[in-house]
Amino acid sequence: METNMPLSPPNQQLFDDSEGHASSLDWSSQELLEIAKHIENAGLSADAKSLMEMLEELRECRDFIYALSDEVREGLIIRVKP
């Protein structure tokens, strides 16, 4: 259910910010995954597993923020004040 109306400036800013933050979480997760692989290869399986659990939390946060940005784009979330 996409709206045909452009976003107001405050909503556009909210959309851009949320997309940017979600992208940052995505990038960070990818980098940390590479680090976890190196840790695993170094024989520190328990540490790698702990890092992978944290990565899963980051990915869930990323997905939540992307979902919110979709709702902003669709007009389901409206920012009244910037």
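Reader: Is D63 buried, partly exposed or exposed?

Author: The model is predicted, and the class comes from its relative accessible area. Buried means under 20% and exposed means over 50%. D63 has a relative accessible area of 42%, so D63 is partly exposed.

Reader: Which residue does D63 meet in a salt bridge?

Author: Side chains of opposite charge can pair when their charged atoms come close. For D63 the N to O distance of such a pair is 2.9 Å. The partner of D63 is R62.

Reader: Which other salt bridge does R62 form, and what parts does the pair tie together?

Author: The side chain of R62 also meets that of D26, at 2.8 Å from N to O. R62 lies in helix α2 (residues 45–73) and D26 lies in helix α1, so the pair ties together parts that are 36 residues apart in sequence. The pair is R62 and D26, and the parts are helix α2 and helix α1.

Reader: Are R62 and D26 buried or partly exposed?

Author: The cut-off for buried is under 20% relative accessible area. R62 has 15% relative accessibility, so R62 counts as buried. D26 has 22% relative accessibility, so D26 counts as partly exposed.

Reader: How are D70 and R73 placed along helix α2, and what is the distance between their closest N and O atoms?

Author: D70 and R73 are three residues apart in helix α2, so about one helical turn separates them. They form a salt bridge. Its closest N and O atoms are apart by 3.3 Å.

Reader: What is the relative accessible area of D70, and what is the relative accessibility of R73?

Author: Partly exposed residues fall between the cut-offs of 20% and 50%. D70 is partly exposed at 29%. R73 also counts as partly exposed, and its value is 29%.

Reader: Which residues are joined into one network by salt bridges that share partners?

Author: Salt bridges that share partners join three residues into one network. R62 is bridged to D26, and R62 is also bridged to D63. The network is D26, R62 and D63.

Reader: How many salt bridges does the count come to?

Author: The rule accepts a side-chain nitrogen of Lys or Arg within 4 Å of a carboxyl oxygen of Asp or Glu. Among the pairs that qualify are R62 with D26 and D70 with R73. The count comes to four.

Reader: Where does S29 lie, and is S29 buried or exposed?

Author: S29 lies in helix α1 (residues 9–41). Its relative accessible area is 1%. With the cut-off at under 20%, S29 is therefore buried.

Reader: Which residues does S29 touch, not counting residues up to four places away in sequence?

Author: Contact requires heavy atoms within 4.5 Å. Residues up to four places away in sequence are not counted for S29. The residues that S29 touches are L55, L58 and R59.

Reader: Is N11 buried or exposed, and with which residues is N11 in contact?

Author: N11 is in helix α1. Its relative accessible area is 7%, so N11 is buried. Leaving aside neighbours within four places in sequence, the contacts of N11 are V72, I77, I78 and R79.

Reader: With which residues is I65 in contact, and how far is its C-alpha from that of D17?

Author: I65 is in helix α2 and counts as partly exposed at 22% relative accessibility. Apart from neighbours within four places in sequence, I65 is in contact with S18, A22 and L25. I65 and D17 are 48 residues apart in sequence, and their C-alpha separation is 9.9 Å.

Reader: What separates the C-alpha atoms of D47 and A36?

Author: D47 is in helix α2 and counts as partly exposed, at 46% relative accessibility. D47 and A36 are eleven residues apart along the chain. Their C-alpha atoms are separated by 8.0 Å.

Reader: What radius of gyration does the protein chain have, against a compact globule of 82 residues?

Author: The chain has two helices and zero strands. Along its principal axes the C-alpha trace spans about 55 × 20 × 20 Å. A compact globule of 82 residues would have a radius of gyration near 12 Å, but the protein chain has 17 Å.

Reader: What share of the residues counts as buried?

Author: The protein chain exposes about 5,900 Å², and carbon and sulfur atoms supply 58% of that area. S29 and N11 are among the buried residues. Of the 82 residues, the buried share is 17%.

Key: Residues are numbered from 1 along each chain as its sequence is written. This is a predicted model: local features need pLDDT of at least 70, side-chain atom pairs count only at pLDDT 80 or more; totals for chains, interfaces and linings use all residues. Side-chain values use heavy atoms; hydrogens and water are left out. Helices (H or I, at least four residues) and strands (E, at least two) are DSSP runs, numbered from the N terminus. Buried means under 20% relative accessible area, exposed over 50%, partly exposed in between (1.4 Å probe, protein chains only). The radius of gyration is taken over C-alpha atoms; the globule rule is 2.2 Å times the number of residues to the power 0.38. Accessible areas come from the Shrake-Rupley method with a 1.4 Å probe; for residues, only the protein chains shown count as cover.
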